[in-house]
Amino acid sequence: MIDSYAPRADAEVAAAAAQAGADVVRDLYGRHLARIDKGGGDFATAADVAAEQAILDVIRTARPHDAVLGEEGGQTGTPDATRRWLVDPLCGTLNYAVGNMLVAVNVALRGGPAAVADPFTGEVFITDGRTARLRRGGADTPLTPTAATRLVDVNLDPPFPNAPGLRAVDLLAHPGFVEHFRPRVVSTTLALAWVAAGKRAAYVTDGGDLSINLHFAAGIALCQAAGCVVTGIDGAPLGPTGRGLLAAADPETHAHLLSLIRDRT
């Protein structure tokens, strides 16, 4: 019974949860918020915690038997549950804390539907696992990837597990990169939703297996459903042995960036 939910219905739960989190993030923006130190220079704010609670309230009401892994609250629900939601209530906390509006709210059912909300544009990017669409002002439109902008968002935040073999900054220093692309650094996985929507040509980040990472899972699901080419930075499929992430609007852009990465490694 629990596994019989339709993907479309799960997508609506993801969208509602992401929107609930986004409402909190927007409402608390600009206030002096307490910080919760996580060590290593990382921290959360009261907005992260409150947004996650709002998201959990939606998921627990709609899917009471599902497990949830939240960035702030950790694991809740049955440890061996087949259905697990991955919740990143405020991706771009440092941006948010200094008054920068480049943030995202990410909600994904592991291996299934997902949603990414932009609290400040009112946009919610939604996938049921097969199609991807943008919801804005009550209307849905299909997401259409394109490399026309030539903008490539590169994550420069540590750690760099694949260094010295590869660091994203090395890609930016490649002469071939500036001949064809223009770098952008927004420091939030909202950029992955932008690849699916055609606002970015590609997104590149170092890392390990990001397919089940609560920061990246929703954006990856959107890109895959929209028809983007999504692999690790070594061109291999995402998975347990994965290395980072290369999400591109089309095969040509993906192949070009992959060749530059391989040249640098």
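**Two sheets, two helix pairs and a few unusual loop residues**

At 31% relative accessibility, serine 187 falls in the partly exposed class, since it lies above the 20% limit for buried residues and does not reach the 50% above which a residue is exposed. Serine 187 sits in the loop that links S12 to H6. Its phi is near 60°, a positive value in a residue other than glycine. All of this is read from a predicted model, and the same goes for what follows.

Serine 187 has company in this respect. Arginine 150, again not a glycine, has a positive phi of about 60°. This arginine belongs to the loop between S10 and strand S11 (151-154). With a relative accessible area of 38%, arginine 150 is partly exposed. Two glycines with positive phi also turn up, and they are taken up below with the hairpin and the helix they go with.

Starting from the N-terminal part of the chain, helix H1 (residues 7-28) meets helix H2 (residues 46-62), their axes coming within 8 Å and crossing at roughly 155°. An angle over 145 degrees counts as roughly antiparallel, and H1 and H2 are therefore roughly antiparallel to each other. As for the hand of the crossing, H1 and H2 make a right-handed one. On the H1 side, the contact is built from Val13, Ala16, Ala17, Ala20, Gly21, Val24, Val25 and Leu28, and H2 answers with Ala47, Ala50, Ala51, Ala54, Ile55, Val58, Ile59 and Ala62. Sorted by class, the residues where H1 touches H2 come to 15 nonpolar and 1 polar, with no charged ones. The spacing of such lists is easy to follow: an α-helix has 3.6 residues a turn, so residues three or four places apart point the same way.

A small hairpin also belongs to this part of the description. Strand S1 (residues 35-39) and strand S2 (residues 42-45) run antiparallel and are joined by 4 bridges. Within that pairing, aspartate 37 faces phenylalanine 43 of S2. The hairpin has 2 residues between its strands, and glycine 40 there takes a positive phi near 65°.

Next come the sheets. One is an open sheet of 8 strands with mixed pairing, ordered S4-S3-S5-S6-S7-S8-S9-S10. Strand S4 (74-76) and strand S10 (139-142) are its edge strands, each pairing on one side only. Direction ignored, neighbouring strands of this 8-stranded sheet are turned by 15° against each other on average. Inside the sheet, strand S7 (residues 114-117) and strand S8 (residues 124-127) run antiparallel, with 4 bridges between them. Alanine 114 is placed opposite threonine 127 of S8.

Two helices pack against these strands. Helix H6 (residues 190-197) lies across strand S6 (104-109), S7 and S8, and runs at about 70° to S8. Helix H7 (residues 217-226) also packs on the sheet, where it touches strand S5 (84-91), S6, S7, S8 and strand S9 (132-136), with its direction at about 110° to that of S7.

H6 and H7 pack on each other as well, at an angle of about 10° and with axes 8 Å apart. That makes H6 roughly parallel to H7. Leu192, Ala193, Val195 and Ala196 of H6 make this contact with Gly219, Ile220, Leu222, Cys223 and Ala226 of H7. By class, the H6 and H7 contact holds 8 nonpolar residues and 1 polar one, and no charged residues.

How much of H7 is covered? Most of it: 9 of its 10 residues are buried. The buried positions in H7 are Ala217, Ala218, Gly219, Ile220, Ala221, Leu222, Cys223, Ala225 and Ala226. Just after H7 comes glycine 227, which has a positive phi of about 100°.

The other open sheet described here has 5 strands in the order S12-S11-S13-S15-S14, also with mixed pairing. Strand S12 (182-184) and strand S14 (229-231) each have a single partner strand, so one side of each is left without a neighbour in the sheet. Neighbouring strands of this 5-stranded sheet are, on average and with direction ignored, turned by 15° against each other. S14 and strand S15 (residues 245-248) run antiparallel and are joined by 3 bridges. Valine 229 has alanine 248 of S15 as its bridge partner.

Methods
Residues are numbered from 1 along each chain as its sequence is written. This is a predicted model: local features need pLDDT of at least 70, side-chain atom pairs count only at pLDDT 80 or more; totals for chains, interfaces and linings use all residues. Side-chain values use heavy atoms; hydrogens and water are left out. Axes are lines fitted to C-alpha atoms, for helices over the stretch in contact, and angles run from 0 to 180 degrees between N-to-C directions. Angles under 35 degrees count as roughly parallel, over 145 as roughly antiparallel, 65 to 115 as roughly perpendicular and the rest as oblique. A crossing is left-handed if the near helix is turned anticlockwise from the far one by less than a right angle, and right-handed if clockwise. Contact means heavy atoms within 4.5 Å. Ala, Val, Leu, Ile, Met, Phe, Trp, Tyr, Cys and Pro count as nonpolar, Asp, Glu, Lys and Arg as charged, and the others, Gly among them, as polar. Two strands pair if DSSP finds at least two bridges between them. Buried means under 20% relative accessible area, exposed over 50%, partly exposed in between (1.4 Å probe, protein chains only).
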